[in-house]
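Hi! Here is the structure I promised to pass on. Have a scroll through it first, then read my notes below.

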Amino acid sequence: MTRKISFQNVSRRFDLAGSAEFLALDRFSLDVEEGEFITVVGPSGCGKSTAMNIAAGLLRPSSGRVLVDDAEVEGPGPERGVIFQQYALFPWLTVRENVEFGLRVAGMPGKRRREIADHFIALVGLKEFAGSLPKTLSGGMKQRCAIARAYAVNPKILLMDEPFGALDALTRVNLQEQLLQTWSQERRTVMFITHDVDEAVYLGSRVIVMAARPGRLYKIIPVDLPYPRTEEMRLSPEFAGLRNEVWRSVYHPSAH
Amino acid sequence: MTLPMDAAPAAASRRPWLPAATMLGLNVLAVLLGLGAWGFVTAEGVVGLPGPGAVLSAGLTLARNGQLLSDALASLGRVLTGFLLGVLVAIPVGFLMGWYKVARGLIEPYVQFFRTIPPLAVIPLAIVTMGIGETPKIFVIFLAAFLSSVVATFQGVVSVDRTLINAARVLGAKDATIFRRVVIPASTPFIMVGVRIGLGSSWATVVAAELIAAQSGLGFRMQQAQLYYDLPTIFVSLIAIGVLGLLMDRIIIAFDRVLTAWQEKA
């Protein structure tokens with residue numbers, strides 16, 4: 001296994017009003033293996049989104065560094081796809097135009113662009129909606145479109161910031177299934193941020209638990225459930241045990 | 001006493017929804033009633049104003065001898081020239097202000113200052129410095145259109161959703177692409193609001209400018225009619241101004257519908 005993403009002593013401070021400073025992330029270190037699906041869970045203010053934004057290149061670390069393929073992250077780039085909680089689809093573009101956006105930016109000719117877009121639109125099950133505007137889609141469909149758009153530029157890494165956080169419980173479970181299915185067909189290194197303990201255990205091969213004030217790594221819990229994950233696994237005693245362990249780490253970190 | 005109070009919110013939420021045809025019918029009815037009332041009070045001699053019949057015949061006369069058309073075209077020509085120039089300058093300047101902090105710092109004091117001066121107040125200065133030809137009038141209209149569109153464009157650029165810009169960046173887009181493919185479309189709804197307000201104030205400005213100094217146009221016609229106590233012509237001009245203003249506003253709304261059809265309307 002090769003190291004794909006490496007957080008090395010990453011800290012990030014934010015200036016607050018007055019002279020106060022807020023330590024959003026305190027000396028965060030973590031290695032993510034190539035092709036691994038890690039989930040990051042923690043209470044609000046634990047710095048999980050900060051860590052992800054630094055890896056995405058949307059935020060600069062105050063100190064420390066993030067390496068991707070052993071090269072330091074200097075800014076955003078298409079090799080690191082990001083999926084936002086708010087979907088962030090371009091509302092004036094159709095589903096297909098959204099998915100083609102990154103390819104068009106890269107200057108790919110129209111015909112090839114369309115083939116790739118169609119492939120990923122079909123993969124997330126939005127074939128019939130390729131010509132639709134985002135306003136006509138449900139929240140779940142919007143996020144599937146965003147996933148297709150991120151995949152289309154062929155990133156090596158997918159960074160997902162609470163992508164299913166705004167969806168209802170049933171849609172969320174469906175999208176978790178679909179995401180794992182997509183991931184098994186188009187294997188990428190995934191860092192998935194969530195505040196949902198079930199989701200963290202169900203999706204990840206490791207659950208990274210973070211704690212707040214200051215935001216920091218608290219515990220890494222390996223999930224020894226094989227992929228593909230199934231609905232039965234969700235109801236198994238092993239799953240329940242892992243969920244309890246993650247839950248306790250997230251909500252009562254001082255008890256350990 | 002308590003019962004109707006309690007019932008009030010429920011009644012409010014059950015406000016009857018009228019179909020479009022009924023709504024249009026009510027509009028037409030209101031216009032007919034207004035015309036009827038106008039005809040009644042003038043026929044009874046309650047006020048010393050011309051009735052609908054006298055205004056209609058004056059309108060027909062002016063339409064037949066071509067004066068109405070040439071006046072309307074003169075006013076429209078000024079408005080469209082000044083308005084288009086104003087919008088064409090305002091949009092790039094507004095983008096510049098929204099995108100570059102330095103440009104904003106340099107331009108904003110002027111925009112905020114001139115916004116507080118009604119464009120009409122500039123007319124005396126414009127006439128003294130630019131003469132009595134078309135230039136001062138077009139300049140004043142330009143100013144009216146520019147000031148309302150520039151602020152709207154600037155607001156539009158500033159309020160573009162950060163997440164959309166980030167989404168474009170992580171897909172590999174650089175500043176120029178983000179500007180062209182994200183900032184411009186995302187601020188279109190704001191710009192259209194400014195354009196609509198700009199057209200309204202341009203129209204108001206042209207008529208007033210023609211009242212002060214012009215040899216043609218609907219405002220000029222009213223000014224002339226005033227000298228001869230020709231009330232029907234004043235009425236015809238007023239109605240023409242209203243109808244043309246309404247038409248232009250509708251055209252802008254239609255444009256807006258097409259350009260921002262992608263918006264999620266609540």
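**Helix H8 and the sheet it crosses**

Let's start in chain A, with helix H8 (residues 237-251), which lies across strand S3 (37-41), strand S9 (206-211) and S10. The helix runs at about 170° to S10(A). Before you read too much into any of this, remember that you are looking at a predicted model.

So which sheet is that? The strands S3, S9 and S10 belong to an open sheet of six strands in chain A, and the order across it is S6-S7-S8-S3-S9-S10. The pairing in this sheet is mixed. At the edges you will find strand S6 (80-83) and strand S10 (216-222) of chain A, each of which pairs on one side only. From one strand to the next, the twist averages 20°.

If you want one pairing to look at up close, try strand S7 (residues 157-161) and strand S8 (residues 189-194) of chain A: they pair in the parallel sense over five bridges. To find your place there, look for A:Leu159, whose bridge partner in S8(A) is A:Met191.

**The other sheet in chain A**

Chain A also has an open sheet of four strands, in the order S2-S1-S4-S5, and here the pairing is antiparallel. Why is one side of strand S2 (21-33) and of strand S5 (71-72) of chain A left without a neighbour in the sheet? Both stand at the edges with a single partner strand each, so there is no neighbour on the other side.

Strand S1 (residues 3-15) of chain A pairs with S2(A) in the antiparallel sense over nine bridges. A:Ser6 is a handy place to check this, as its bridge partner in S2(A) is A:Asp31. A helix packs on this sheet too: H1 (residues 48-56) of chain A touches S1, S2 and strand S4 (63-68). The direction of H1 makes about 115° with that of S1(A).

**Now for chain B**

How many helices and strands does chain B have? There are eleven helices and zero strands, so to speak a run of α after α when you read along the sequence.

Chain B has 266 residues, and 33% of them count as buried. Its radius of gyration is 24 Å, whereas a compact globule of 266 residues would have one near 18 Å. Along the principal axes, the C-alpha atoms of chain B fill a box of roughly 75 × 70 × 35 Å. As for contacts in chain B between residues at least 6 apart in sequence, 72% of them join residues at least 24 apart.

Happy browsing!

Methods
Residues numbered from 1 in each chain as written. Chains lettered and ligands numbered in written order. Predicted model: local features only at pLDDT ≥ 70, side-chain atom pairs only at ≥ 80, totals over all residues. Pairing = 2+ DSSP bridges. Helix = DSSP H or I, 4+ residues; strand = E, 2+ residues; numbered from the N terminus. Axes fitted to C-alpha atoms, helices over the stretch in contact; angles between N-to-C directions. Contact = placed C-beta atoms within 7 Å. Rg over C-alpha atoms; globule rule 2.2 N^0.38 Å. Buried ≥ 20, exposed ≤ 12 C-beta atoms within 10 Å, placed from the backbone.
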